[in-house]
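This report describes the fold elements, nonpolar cores, salt bridges and selected residues of one protein chain. The sequence and the structure come first.

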Amino acid sequence: MAELLIGLIGCTGLFYLLFILPTQWLKVEHIDVPLGIDKKILQLSDLHIERNRIHPEKMKELLQKEKPDYVFITGDFTAREKHIPRIKPYLDVFNEYGIEVYAVFGNHDYRTFQLSLRLRPWLEENQVKVLVNESIELPDFTLIGLDFYREDELGLTKAFSKVKGDKPSVVLCHDPNDIAEVAEPFDLMLSGHLHGKQFNVPFFFTFISKGELAKRGIYQGFHKIDGSYLYISKGIGQAHWNYRFGVRSEVTVLSLNGEKNNSN
């Protein structure tokens with residue numbers, strides 16, 4: 001009996017170390033992007049608030065340390081209306097520090113039509129500007145938001161229609177595969193969606209289709225594609241199962257005046 005109990009405890013501990021700890025042990029990636037802009041961005045992606053083990057207090061610690069100029073959230077807040085209020089503690093932290101927050105929606109945010117209708121105004125009420133196939137002129141760069149749901153090719157046209165092109169441009173989108181659809185020039189695209197696999201096992205994206213980039217082995221981190229920079233976040237929450245294997249939850253700090261990229 002004692003041996004059985006010890007075995008169960010050992011198996012439970014191993015399961016925690018392999019599958020639970022990576023969802024709690026937050027990894028902060030630091031990326032230098034050579035855009036010549038003296039601004040710092042904090043990117044969160046795939047919050048999946050119903051499957052998230054990162055406490056908002058960690059966001060507060062990160063803000064105190066990094067002092068970012070903006071927070072950009074690249075989609076997938078939640079898949080259920082009932083979980084929307086659980087997002088508020090994160091937003092309260094950002095509002096406490098007076099940081100502007102911009103976001104786009106991901107596929108889970110459109111899990112139901114009613115969810116998207118309720119989530120957008122709720123976020124706006126909590127000081128988050130949701131960009132729906134549109135752009136906004138910030139002092140040092142143009143910010144362009146590609147919504148995950150685009151009825152037709154006019155979504156892209158609308159997103160770039162007011163871009164003047166007289167300063168650097170940053171694109172927010174959920175799915176990094178959108179880069180193949182964008183014909184207009186841009187400098188940096190921030191995305192998520194792929195969770196760095198979430199379960200880092202060989203041939204994962206051979207059996208689970210997540211687009212052309214994933215097939216090519218481009219599913220996380222900093223890349224330069226056709227002259228533009230692309231960053232794919234591993235996400236802060238989990239999709240479908242509240243576990244990770246070999247991939248820690250992540251937030252990203254991007255310095256836009258860097259000369260080279262690196263990560264910790």
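**Sheet**

In this predicted model, six strands form an open sheet with mixed pairing, in the order β1-β12-β2-β3-β4-β5. The edges are taken by β1 (27–32) and β5, each of which has a single partner strand, so one side of each is left without a neighbour in the sheet. Direction ignored, neighbouring strands of this sheet are turned by 25° against each other on average. Within the sheet, β3 and β4 run parallel and are joined by five bridges. Tyr-70 stands opposite Glu-100, a residue of β4.

**Nonpolar cores**

The largest nonpolar core has 31 residues, and the members that touch the most others are Leu-42, Leu-44, Met-59, Phe-77, Phe-94, Leu-123 and Ile-236. Two or more residues of this core come from each of the strands β2 (40–44), β3 (70–74), β4 (100–104), β5 (128–130) and β12 (250–255), and from each of the helices α2 (56–66), α3 (88–96) and α4 (113–125). Another core lies apart from it and has 22 residues, including Ile-31, Phe-141, Leu-254 and Leu-256. In soluble globular proteins, nonpolar side chains tend to be buried together.

Met-59 can serve as an example from the 31-residue core. Which residues does Met-59 contact, leaving aside its neighbours within four places in sequence? They are Leu-26, Leu-44, Ile-54, Tyr-90, Val-93, Phe-94, Ile-236 and Val-251.

**Salt bridges**

There are seven salt bridges in the structure. Three of them are listed below.

| Lys | Partner | N to O distance |
|---|---|---|
| Lys-234 | Glu-29 | 3.1 Å |
| Lys-88 | Asp-92 | 2.9 Å |
| Lys-234 | Glu-250 | 2.6 Å |

The bridge between Lys-234 and Glu-250 links distant parts of the chain: Lys-234 belongs to the loop between β11 and β12, Glu-250 to strand β12, and 16 residues separate them. Salt bridges with shared partners join Glu-29, Lys-234 and Glu-250 into one network. Both Lys-234 and Glu-250 are buried. For Lys-234 the relative accessibility is 8%, under the 20% limit, so this lysine counts as buried. Glu-29 is buried as well, because its relative accessible area is 5%.

The side chains of Lys-234 and Glu-29 meet in the other salt bridge of this network. That pair also links distant parts of the chain, with Lys-234 in the loop between β11 (228–232) and β12, Glu-29 in strand β1, and the two positions 205 residues apart.

Lys-88 and Asp-92 are both found in helix α3, four residues apart, about one turn of the helix. Are these two residues buried or partly exposed? Lys-88 is partly exposed, with a relative accessible area of 35%, and Asp-92 is partly exposed with a value of 35%.

**Positive phi angles**

Most residues other than glycine have a negative phi. His-48 is not a glycine, yet has a positive phi of about 40°. His-48 sits in the loop between β2 and α2 and counts as buried, at 0% relative accessibility. Asn-133, also not a glycine, has a positive phi of about 50°. The loop that holds Asn-133 runs between β5 and β6 (134–137). Asn-133 counts as buried, at 11% relative accessibility.

**Two further buried positions**

Ser-135 is a residue of strand β6. Its relative accessibility is 19%, and since buried means under 20%, Ser-135 counts as buried. Not counting residues up to four places away in sequence, Ser-135 touches Thr-142, Leu-143, Ile-144, Ala-159, Lys-162 and Val-163.

Where in the chain is Val-247 placed? Val-247 is in the loop between β11 and β12, the loop that also holds Lys-234. With a relative accessible area of 4%, Val-247 is buried. Its contacts, neighbours within four places in sequence left aside, are Pro-22, His-195, Gly-196, Gln-198, Asn-200 and Lys-234. Val-247 and Lys-27 are 220 residues apart in sequence, while their C-alpha atoms are 9.3 Å apart in space.

Key. Residues numbered from 1 in each chain as written. Predicted model: local features only at pLDDT ≥ 70, side-chain atom pairs only at ≥ 80, totals over all residues. Heavy atoms only, no water. Core = buried A, V, L, I, M, F, W, Y, C linked by side-chain atoms within 4.5 Å. Buried < 20%, exposed > 50% of the residue type's maximum accessible area, 1.4 Å probe, protein only. Contact = heavy atoms within 4.5 Å. Pairing = 2+ DSSP bridges. Axes fitted to C-alpha atoms, helices over the stretch in contact; angles between N-to-C directions. Salt bridge = Lys/Arg side-chain N within 4 Å of Asp/Glu carboxyl O.
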